[in-house]
Amino acid sequence: MAYKKRKVDSECRLFKEEWAWKYFFTEYNCKPVCLICNEAVVVFKYFNLARHFNTKHSKTKYAVMNDAEKKVNAENLKKTISVQRNVFIKQNTTQKASTLAGYVVAYKIAKNNKPYSEEEFVKDCKVSMSKILCPEKIKEF
């Protein structure tokens, strides 16, 4: 008799908030990520998270803390990681905006068939770029 192989990762397991402070894990992109070492574990299972914490972090300061200290430290680590992720997101959006502004100016140059030395044309390009890069400073241009 052939048995159907069970897929554990498709069982719709949910992250429990107590795991955040008990084992210093958080959920990121539908995966449990360790707040201490930023290592991802494959499946949301109590045993997997506990095993990771006990094997990798049993000799650290986090293992000897009481529950109240663990909760405070877990929140601090979550804030630190979210700040780090936001830095990368901000840089990415800035780069995309500057690339888009460059494309808009190149399109205007090609469409109008004008050199980049006429005053009104340069002003129009600056206004178009400022709408994308810094919409709050459009009036200055």
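Modeller: Helices here are DSSP runs of H or I with at least four residues, numbered from the N terminus. Please keep in mind that the model is predicted.

Biologist: Thanks! With that in hand, by about how much of the helix are Glu 18 and Lys 22 separated in α1?

Modeller: The side chains of these two, Glu 18 and Lys 22, meet in a salt bridge, 3.7 Å from N to O. They are four residues apart in helix α1, so the separation is about one helical turn.

Biologist: And how does each of them count, buried, partly exposed or exposed?

Modeller: Partly exposed runs from the 20% limit of buried to the 50% limit of exposed. Glu 18 has a relative accessible area of 38%, and the value for Lys 22 is 30%. Both values fall between the limits, so Glu 18 and Lys 22 count as partly exposed.

Biologist: Now the loop before α2: what is the distance between the closest N and O atoms of Glu 39 and Lys 56?

Modeller: Glu 39 lies in the loop between β2 (31-34) and α2, while Lys 56 is in helix α2, so their pairing ties together parts 17 residues apart in sequence. Glu 39 is partly exposed at 33%, as is Lys 56 at 45%. Their closest N and O atoms form a salt bridge at 3.1 Å.

Biologist: Which residues are joined into one network by salt bridges that share partners?

Modeller: One bridge to look at is Lys 78 with Glu 17, at 3.6 Å from N to O. It links distant parts of the chain, 61 residues apart, with Lys 78 in helix α3 and Glu 17 in the segment before α1. Lys 78 is partly exposed at 22% relative accessibility, whereas Glu 17 is exposed at 54%. The network is made of Glu 17, Glu 75 and Lys 78.

Biologist: How many salt bridges does the model have?

Modeller: Among them are Glu 18 with Lys 22 and Glu 39 with Lys 56. Under the 4 Å nitrogen-to-oxygen cut-off, the count comes to five.

Biologist: Let's go inside. Which residues have the most contacts inside the largest nonpolar core?

Modeller: In soluble globular proteins, nonpolar side chains tend to be buried together. The largest nonpolar core has 19 residues here, and α1 (18-22), α2 (46-56) and α3 (67-112) each supply at least two of them. Beyond its neighbours within four places in sequence, Tyr 23 contacts Tyr 46, Leu 49, Ala 50 and Phe 53. The residues with the most contacts in the core are Tyr 23, Phe 24 and Phe 25.

Biologist: Which residue in the turn of the β1 and β2 hairpin has a positive phi?

Modeller: Strand β1 (residues 25-28) runs antiparallel to β2, and four bridges join the two. One of the pairs is Thr 26 with Val 33 in β2. The hairpin has two residues between its strands, and the positive phi, about 55°, belongs to Asn 29.

Biologist: Last one: with which side chain does that of Ser 128 make a polar contact?

Modeller: Ser 128 is found in helix α4 (residues 119-133). Its relative accessibility is 12%, so Ser 128 counts as buried. Leaving out residues up to four places away in sequence, Ser 128 touches Val 104 and Lys 108. The polar contact, at 3.4 Å, is with the side chain of Lys 108.

Definitions and conventions:
Residues numbered from 1 in each chain as written. Predicted model: local features only at pLDDT ≥ 70, side-chain atom pairs only at ≥ 80, totals over all residues. Heavy atoms only, no water. Core = buried A, V, L, I, M, F, W, Y, C linked by side-chain atoms within 4.5 Å. Buried < 20%, exposed > 50% of the residue type's maximum accessible area, 1.4 Å probe, protein only. Contact = heavy atoms within 4.5 Å. Polar contact = N/O pair within 3.5 Å; in protein donor to acceptor, adjacent residues only side chain to side chain. Pairing = 2+ DSSP bridges.
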